[in-house]
Amino acid sequence: MTLLELVEAADCDGVIEALPGLPPEERDAECGERLFAARRARSDEWTFAQEWAWLAATLGCAISPAEAAEQLIRFRGTATDRSGQLSGAVDVHPVAWRIELVARIRDAVPDEGYSCCFRLVEHIARGTGAPMPDRDVFLRAWLFNHFGHYRHVGSSRFDPADVERLRADPLTPVFLPLALERPGVPVRSWLLPFVQLAEDGLLERRALLRRVVAEVRQDGGVPFGHAQEWELLAPTREERAELADDLAAIVEAQLTRLHQDGTRKTTEPTRDYLRVLLADPADNVRYVRDHLALLDKSLPVAALAQEQLVEVDRVEPLEPELVSDASARILLREEKKLVRTQLSWLDRLAKGDPARAHRVVLDAALAFDNRDVVLQERALHVIARHLRSAGDDVLPRLRTSAARLHASLAPRAAEVLGSEEAGGTCVEALPPAPRPEPVPGPIETVVEVAQEVAVAIADDWEPIGFERALDGVVRHAALDRAGLTEALRPVARKEPRGLFGQGPYLFDVVRTLRGDEPREFALTGAIWNRYRRDEAVLSPPESMLDARMLEVLRIVESGSQPFLLATPTWSTGALDADVLVERIAAFEELGVVAAEHDFAQALLRVDPAPGERVVRTAEALRSEPGRRLARWLRGGGLPHQDSTPAGWAEPAAHRDALCRPAHPGPGIELPLPPAAADLVGDAQRERVRCGLDPFWLAQLPHHRDEVVARDINTAFVRGWGNERFLPHLAAAGGPAGFAVHRLLAGEIGSCRPALRDLVLDSFLVLAARGQLDTGLLGEQLGAMLSGGRMKVSDVHATLQAAADTGAYRTTWCVLAAALPGLLGGDIPRDSARLLALATECAARCGATGEIPAVAEVAARKGSTQLVKSARALRDALA
């Protein structure tokens, strides 16, 4: 077979075997040209094996060393040790040709990586006596061919036999010292064999240490695997002293990295590395203040810093001021492990040197401000243990600090400190009850209308501004259409970000008024028409808003109404009855027929109990809307519906853990169009896109409980925006029934920490308005906690924040109602925290009486934190 036929057959070994026996004319330059031509014609079809055979054939032909080096370097297979397979192909050439090939490869091979045809070059150098290239790439390839790629510490691929082969390699005496000297050779990639070679005396250990430290300094990245490397090197104290400056720079760089903080996972490599670098406390003394600064960081970082400080203190006692600084940073943190460790450290300091007891007990007293009762108790034990050594002069300060202790610890504090138990009750502190604010009158100029419209489009969360802007557009479209069109020009330039809602709908009205091209999701577009045909798309409040907006579009186009009847007069969305009577009277004088959905919305917003005088004035109206308004007011308006679910009066253990409120039901005959009647009808459509919306409250400003009962189930499934809705709900009108309290209970136990203040404000506002049923809220919390629907820790965080504002009695009443349900079945984890909070609130407000569920837990044997907390509450109520 010819060379080309062997190449086509992908027979590389056959090519190499055939080359020495071929006559010169079959290996001449012309043959090489034929091979190059074949590769150009077939390169897209050839396999790797065919290309490899082609390379062997080409090297055996009469090509120059320069061309051979170029093909070797560019060929994709030469990055591996397979280049040694080509040695037979180059052996057919004279010695001078092969020596020149080595020189060409040495000069042309790139500096990066390992691709340098090392096996082939090594074969030629040994066979011809040519000097072996010692560029960095050849040193890396030499190590790679012995040990493979990146043999990290702990790798199971490391084979001690590799070290034996390296010892026998004639290149080792030259290449091994060079590898330690060259920065371009990553010694740490092969640290395991290098350490073994240093132990065998083939290289200097100190040189290896210096090289590793230099690589680490130069690296500057995340120290992955650095800790294992340092443990493998295990430098002695003398060796660390020689590298003191470099090690200091490394430690400072790692400390700087920790100052940037991060998660447990992201900081783990740095923490592990610092832990082994500073394993000797004597090396750690100079970094004490750095560790102090780290005590304010995340738990993993602070724990490392505390650990290092404790170890340094064992070897060289820290100054008392530094210990006090550490205590001030740690003892108020929430992480129990840190606080316990700090108190144990203080306890050991006072045991080892009674002269330090004075400062130790004062430092330990800082933990009295910690929220955790267990940690407060531990601090009190430390103080009691060393109070005699501290002297009597610390007692006044300790007694002052003890006033902040949990109520359950007051007897023990009085016993230890010789003070009387704090007596009396705290005055309940609630915020001032907010009052609805009147809405300004109609917008007077087209410029003001444009400004109000721009604000309303940008803020979808403010229903009253939207209603005023909508009324302003209707009014001034009738009074000065041309002026309003021009004033709204800037507003119509940019579409709102959302597709649905008050802002986009108002934008559609503006575009219609101006005669501009509608947006893709416009109210009158094909997409919305499809939505209206699908009842599962729009929720009842969205359907009512949609009907009103279509009506406003017709009013703006036809000028059939001079203003809107439903514009609220109060910030809650409510409408004064006398104002509505005046508006309908004005319509009668002008001969205007009120739009159906505008009038229906006005009825839903009007004050249902305006007084006899207003009702009689309404009865004097002549038009059909006037007579309907009179009948509406005389009948007391929209009747309220109780949202308490059936079976709620059953024992706590049998309640539904979801505590779903009863939907507004059918059977109420209302003189309203279907879209308006559905707002309080049988809620069959539950599609909610973005949680509960304040605009829904403005649609039914006197029936907030029905609004929540209608949509709470879907809102909880979606879980979007309910925290922002709560303040509007607390300030709204109408009874706060089961549904309102259910929504509040759900947010108390599931709100994000960043939004907890909104939930807390709503809780306090309802309490300040006298509308918070603490018993009902507590029962709901107890049922949901026992059913596993929320975490005790989340409920505790919100109620603790409420107690911190001074609302101890309100918080106690909620907890007292929640505890029977919480403790009645399988008691959830962390329930002891709620019992401790209940004890504090009961003591602060002077509550008494027995709670059977608490007494049952308190009577159990043992001394778990749950039982101890139940006993403390039982005693506080006695």
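**Close-up 1. A57 in helix α4 of the predicted model.** A57 is buried, at a relative accessible area of 0%. That value is under 20%, so A57 falls in the buried class. The residue sits in helix α4, which covers residues 48-60. Beyond residues up to four places away in sequence, A57 touches V7, V15 and L35. R724 serves as a far reference point. A57 and R724 lie 667 residues apart in sequence. From C-alpha to C-alpha, A57 and R724 are 77 Å apart in space.

**Close-up 2. A10, a residue with positive phi in the loop between α1 and α2.** Helix α1 spans 3-8, and helix α2 spans 12-18. A10 is placed in the loop between them. Its phi is near 60°. Most residues other than glycine have a negative phi. A10 is not a glycine, yet its phi is positive. Relative accessibility of A10 is 29%, so the residue counts as partly exposed.

**Close-up 3. A234, with positive phi in the loop between α14 and α15.** The phi of A234 is near 45°. This is a positive value in a residue other than glycine. A234 is located after α14 and before α15, the latter running over 237-242. At 46% relative accessibility, A234 is partly exposed.

**Close-up 4. Packing of helix α14 against helix α17.** Two packed helices are described by the angle between their axes and the distance between the axes. Helix α14 covers residues 226-233, and helix α17 covers residues 264-277. Their axes are 8 Å apart. The packing angle is about 20°. Angles under 35 degrees count as roughly parallel, so α14 and α17 are roughly parallel to each other. The crossing of α14 past α17 is left-handed. On the α14 side, the contacting residues are H226, A227, W230 and E231. They meet D272, Y273, V276 and L277 in α17.

**Close-up 5. Packing of helix α35 against helix α36.** Helix α35 is made of residues 612-619, and helix α36 of residues 624-634. The two axes come within 8 Å. They cross at roughly 155°. Angles over 145 degrees count as roughly antiparallel, and α35 and α36 are therefore roughly antiparallel to each other. The crossing of α35 past α36 is left-handed. From α35, the contacts involve E612, V615, R616, A618 and E619. Their partners in α36 are G626, L629, A630, L633 and R634.

**Close-up 6. L208 and the nonpolar cores.** The largest nonpolar core has 140 residues. F194 and L208 have the most contacts inside this core. Neighbours within four places in sequence aside, L208 is in contact with L180, V187, L191, F194, V195, A198, L203 and L233. A second, separate core holds 138 residues. Among its members are A595, L638, M784 and A870.

**Close-up 7. D471, a buried residue in helix α28.** Helix α28 covers residues 463-479 and contains D471. The relative accessible area of D471 is 3%, so the residue is buried. Its side chain makes a polar contact with the side chain of T567, at 3.5 Å. Leaving out residues up to four places away in sequence, D471 touches P442, F563, L564 and T567.

**Close-up 8. H702, a buried residue in the loop between α38 and α39.** Helix α38 runs over 694-699, and helix α39 over 704-718. H702 has a relative accessible area of 15% and is buried. A polar atom of the H702 side chain lies 3.0 Å from the backbone oxygen of R605. With neighbours within four places in sequence set aside, H702 is in contact with A574, L604, R605, V606, D607, P608 and H640. G733, G734 and P735 are also among its contacts.

**Close-up 9. C813 in helix α45, with T774.** Helix α45 comprises residues 808-823, including C813. The relative accessible area of C813 is 30%, so this residue is partly exposed. T774 and C813 are 39 residues apart along the chain. The C-alpha atoms of the two residues are separated by 5.7 Å.

Definitions and conventions: Residues numbered from 1 in each chain as written. Predicted model: local features only at pLDDT ≥ 70, side-chain atom pairs only at ≥ 80, totals over all residues. Heavy atoms only, no water. Helix = DSSP H or I, 4+ residues; strand = E, 2+ residues; numbered from the N terminus. Buried < 20%, exposed > 50% of the residue type's maximum accessible area, 1.4 Å probe, protein only. Polar contact = N/O pair within 3.5 Å; in protein donor to acceptor, adjacent residues only side chain to side chain. Contact = heavy atoms within 4.5 Å. Core = buried A, V, L, I, M, F, W, Y, C linked by side-chain atoms within 4.5 Å. Axes fitted to C-alpha atoms, helices over the stretch in contact; angles between N-to-C directions. Parallel < 35°, antiparallel > 145°, perpendicular 65-115°, else oblique. Left-handed = near helix turned anticlockwise from the far one by under 90°.
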